[in-house]
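Student: I would like to take a close look at one charged pair and then at the parts around it. Please keep the answer connected, and give the cut-off behind each term.

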Amino acid sequence: MGVAGSGKTTLATVLRERLGWPYAEADEFHPPANIAKMTAGTPLDDDDRWPWLEAIRDWLSAQTRAGHSSIVTCSALKRSYRDVLRSADGNVRFVHLTAPAELLQRRMSGRSGHFMPTTLLPSQLATLEPLADEEQGITVVVDVPPDAVADRTIRALGLVADGRPPTR
């Protein structure tokens, strides 16, 4: 979870390679109307988000029923959004990726082919409700290369990747 530019997709790709878990990108669950809104620079409202979050929740539940641990990227900016995801079958844990706003802005400016304009970053940062102590999850600072972020994540979650513990 995290705002745009925090590296959700990058981390998920590395984790999928290391853990071998199924992976889904939350952007793929957005209906065309949501993508059109964001492309136009209009932030989504909660009414736009509920069906999207429910579709992600249902994907997570299907993975659990199939016997798979899984990874899904999702901004999950508000606790109420995470509550929907947390209602999925299985044990849902969150990895909140965080970085200074300047780094996020730089990352967003450097990517191509994504519908989320940099102008929406301030609204995401204003909406963000960090994980509360009682929520199952961790916060990871993404101020290092992706492999090191993956190491931090795997270590903090107590996972083993490729049959080996994460490097220090």
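With which residue does Arg-86 form a salt bridge, and how far apart are the closest N and O atoms?

Tutor: This is a predicted model, in which local features need pLDDT of at least 70 and side-chain atom pairs count only at pLDDT 80 or more, while totals for chains, interfaces and linings use all residues. Residues are numbered from 1 along each chain as its sequence is written, and side-chain values use heavy atoms, with hydrogens and water left out.

The partner of Arg-86 is Glu-135, and the closest N and O atoms of this salt bridge are 3.0 Å apart; the term requires a side-chain nitrogen of Lys or Arg within 4 Å of a carboxyl oxygen of Asp or Glu. Because Arg-86 belongs to helix α4 and Glu-135 to the loop between α6 (121-127) and β4, the pair ties together parts that are 49 residues apart in sequence. Helices (H or I, at least four residues) and strands (E, at least two) are DSSP runs, numbered from the N terminus. With a relative accessible area of 6%, Glu-135 is buried, whereas Arg-86, at 26%, is partly exposed; here buried means under 20% relative accessible area, exposed over 50%, and partly exposed in between, with a 1.4 Å probe and protein chains only. The pair does not stand alone, since Arg-82, Asp-83, Arg-86 and Glu-135 are linked in a network of salt bridges.

By the same rule, the count of salt bridges comes to 13. One of them joins the side chains of Asp-89 and Arg-65, at 2.9 Å from N to O. Asp-89 sits in the loop between α4 (79-86) and β3, and Arg-65 in helix α3 (residues 46-65), so this pair ties together parts 24 residues apart in sequence. Arg-65 is exposed at 59%, and Asp-89 is partly exposed at 33%. Another salt bridge brings together the side chains of Asp-58 and Arg-57, at 3.0 Å from N to O, with Asp-58 partly exposed at 41% and Arg-57 partly exposed at 22%.

From these charged pairs we can turn to the nonpolar residues. A nonpolar core is a set of buried Ala, Val, Leu, Ile, Met, Phe, Trp, Tyr and Cys residues joined through side-chain atoms within 4.5 Å. In the largest one, which has 23 residues, Leu-11, Leu-15, Val-95, Leu-97, Val-140 and Val-149 touch the most other members. At least two residues of this core come from each of α1, β3, β4 (137-141) and α7, and α1 supplies the largest share, five residues. A second, separate core of 17 residues includes Met-1, Ile-56, Ala-88 and Phe-94.

Strand β4 follows the loop that holds Glu-135, and Val-140 is among the residues in contact with Thr-153, leaving aside neighbours within four places in sequence; contact means heavy atoms within 4.5 Å. The other residues in contact with Thr-153 on that basis are Leu-11, Leu-15, Val-95 and Ile-138. Thr-153 itself is found in helix α7 and is buried, with a relative accessible area of 1%. Val-95, with neighbours within four places again left aside, is in contact with Met-1, Leu-11, Ile-138, Val-140, Thr-153 and Leu-157.
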